[in-house]
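Here is a walk through one structure, with an eye on strands, ring pairs and a few odd backbone spots. Have the viewer open while you read.

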Amino acid sequence: MRIALGVSYNGQAYQGWQSQSSGNTVQDKLEAALGRFAAEKVSTICAGRTDAGVHGLMQVVHFDTELDRAPYSWVRGTNTFLPADIAVQWAQPVSEEFHSRYCATGRRYAYVLMQSPVRPSVEAGRVGWMFYPLDGEAMQKAAQYLVGEHDFSSFRASGCQAKTPVKTLYDIRVTRRMTSGGSREAAASSMRPGDTEPMECCYWRFEFDGSAFLHHMVRNIMGCLIAIGQGQYPPEWMKTVLAARSRDAAAPTFSPDGLYFLGPIYDGKWGLPTRTVGFDWLP
């Protein structure tokens with residue numbers, strides 16, 4: 001029997017998704033929990049690996065087993081043995097033709113950034129942070145140069161194992177949600193010398209839909225978008241970086257803190273869920 005699972009996790013405490021000798025990865029924890037529940041060794045295959053510190057709202061995995069259990073038993077039983085920051089959201093039997101990675105027609109990521117004069121506290125590790133105000137119109141314009149099929153070598157980590165740097169980005173959306181930012185007095189107390197007005201506090205959300213992603217691709221794109229949003233470069237600079245096909249042409253890799261793997265996209269014939277409750281938590 002082949003089972004598909006939807007898994008969510010807070011990646012702060014882990015060395016990414018893929019199993020390592022340290023045992024401190026999301027895959028290691030999940031397979032250990034599945035093994036304890038099933039009383040047999042369980043090996044999983046995921047839809048898309050995530051880096052250290054990156055979160056997952058709906059990672060999809062599949063595995064084969066001879067154990068016959070109801071879907072809710074896989075959810076509750078596995079969660080009994082998982083740490084608090086990892087949880088199976090759903091389970092579903094699938095045909096042997098289903099493969100969590102190869103059947104995915106696309107993948108989705110979101111990056112959540114807090115713009116504030118004061119660093120995050122309760123959101124630490126769950127959002128990126130930027131002290132300076134950002135130009136949303138400039139960032140959205142720059143992002144459009146990346147939509148379509150391109151060679152993304154400029155945004156590829158040196159250790160990337162992908163067979164080709166050519167990927168397709170279907171869409172990039174940049175949105176902003178304003179916050180009260182606390183009292184005006186509190187905002188004023190964090191002003192630097194020379195500032196004339198307290199800085200507006202808000203959350204920026206960057207959503208990426210693509211066929212597949214290279215190692216550090218989203219974080220490297222984020223570094224360039226932030227540089228453009230700060231006014232260091234015009235939006236057209238993104239086109240120059242893309243054409244260079246060289247990592248040296250782009251901005252430094254941005255923090256993993258606010259990066260979320262929203263999950264893979266599958267054909268409706270598989271009948272798998274497309275959202276988990278975590279989607280409604282993000283700003």
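F213 counts as buried, since its relative accessibility is 16%, and buried here means under 20%. Keep in mind that this is a predicted model. The residue sits in the loop between β9 and α5, while Y109 lies in strand β5, so their pairing ties together parts that are 104 residues apart in sequence. Y109 is buried too, at a relative accessible area of 9%.

How are the two rings arranged? A pair of aromatic rings is described by the distance of the centres and the angle of the planes. For Y109 and F213 the centres are 5.0 Å apart and the planes meet at 75°, so this pair is edge-to-face. Planes have to be over 60 degrees apart for that label. Y233 and W237 give you a stacked pair instead, with 3.8 Å from centre to centre and 10° between the planes. In that second pair, W237 is buried at 14% relative accessible area, and Y233 counts as partly exposed because its relative accessibility is 35%. The full count comes to 12 aromatic pairs. There is also an aromatic cluster made up of F37, F63 and W74.

Now back to the strand that carries Y109. β5 covers residues 106–115, and 10 of its 10 residues are buried. In a regular strand the side chains alternate between the two faces of the sheet. Here G106, R108, A110, V112 and M114 point one way, with R107, Y109, Y111, L113 and Q115 pointing the other way. Both sets are buried, so if you were hoping for one covered face and one open face, the 20% cut-off says otherwise.

Which strands does β5 pair with? β9, β10 and β6 are its partners, as laid out here:

| Partner of β5 | Sense | Bridges | Example of bridge partners |
|---|---|---|---|
| β9 | antiparallel | 9 bridges | Q115 with C202 |
| β10 (residues 259–265) | antiparallel | 6 bridges | R108 with G263 |
| β6 (residues 128–130) | parallel | 3 bridges | M114 with W129 |

On the β10 side you can pick out another facing residue as well: R107 stands opposite P264. β10 itself has 6 of its 7 residues buried, so the rest of the structure largely encloses it. Strand β10 also pairs with β3 (residues 55–64), this time in the parallel sense and over 2 bridges. On that seam, H55 of β3 has Y260 in β10 as its bridge partner.

Next, two backbone spots to check in a Ramachandran plot. Most residues other than glycine have a negative phi, and most peptide bonds are trans. A39 is not a glycine, yet its phi is positive at about 60°. You will find A39 in the loop between α1 (26–38) and β2 (45–46). It counts as exposed, because its relative accessibility is 71% and the cut-off for exposed is over 50%. H216 is the other spot, with a positive phi of about 70° although it is not a glycine either. H216 is placed in the loop between β9 (202–210) and α5 (217–229). Its relative accessible area is 22%, so H216 is partly exposed.

Last stop: S154, in the loop between β7 (148–151) and β8 (166–178). Is S154 buried or exposed? Its relative accessibility is 0%, so it counts as buried. What does the side chain of S154 reach? It gets to the backbone oxygen of V241, at 2.6 Å. V241 also turns up among the contacts of S154 once you set aside neighbours within four places in sequence; the others on that list are L242, A244, R245, S246, R247 and A250.

Methods. Residues are numbered from 1 along each chain as its sequence is written. This is a predicted model: local features need pLDDT of at least 70, side-chain atom pairs count only at pLDDT 80 or more; totals for chains, interfaces and linings use all residues. Side-chain values use heavy atoms; hydrogens and water are left out. Helices (H or I, at least four residues) and strands (E, at least two) are DSSP runs, numbered from the N terminus. Buried means under 20% relative accessible area, exposed over 50%, partly exposed in between (1.4 Å probe, protein chains only). A polar contact is a pair of N or O atoms within 3.5 Å; within protein, one must be able to donate a hydrogen and the other to accept it, and residues adjacent in sequence count only if both atoms are side-chain atoms. Contact means heavy atoms within 4.5 Å. Two strands pair if DSSP finds at least two bridges between them. Rings of Phe, Tyr and Trp (its six-membered ring) pair if their centres lie within 6.5 Å; planes under 30 degrees apart count as stacked, over 60 as edge-to-face and the rest as tilted.
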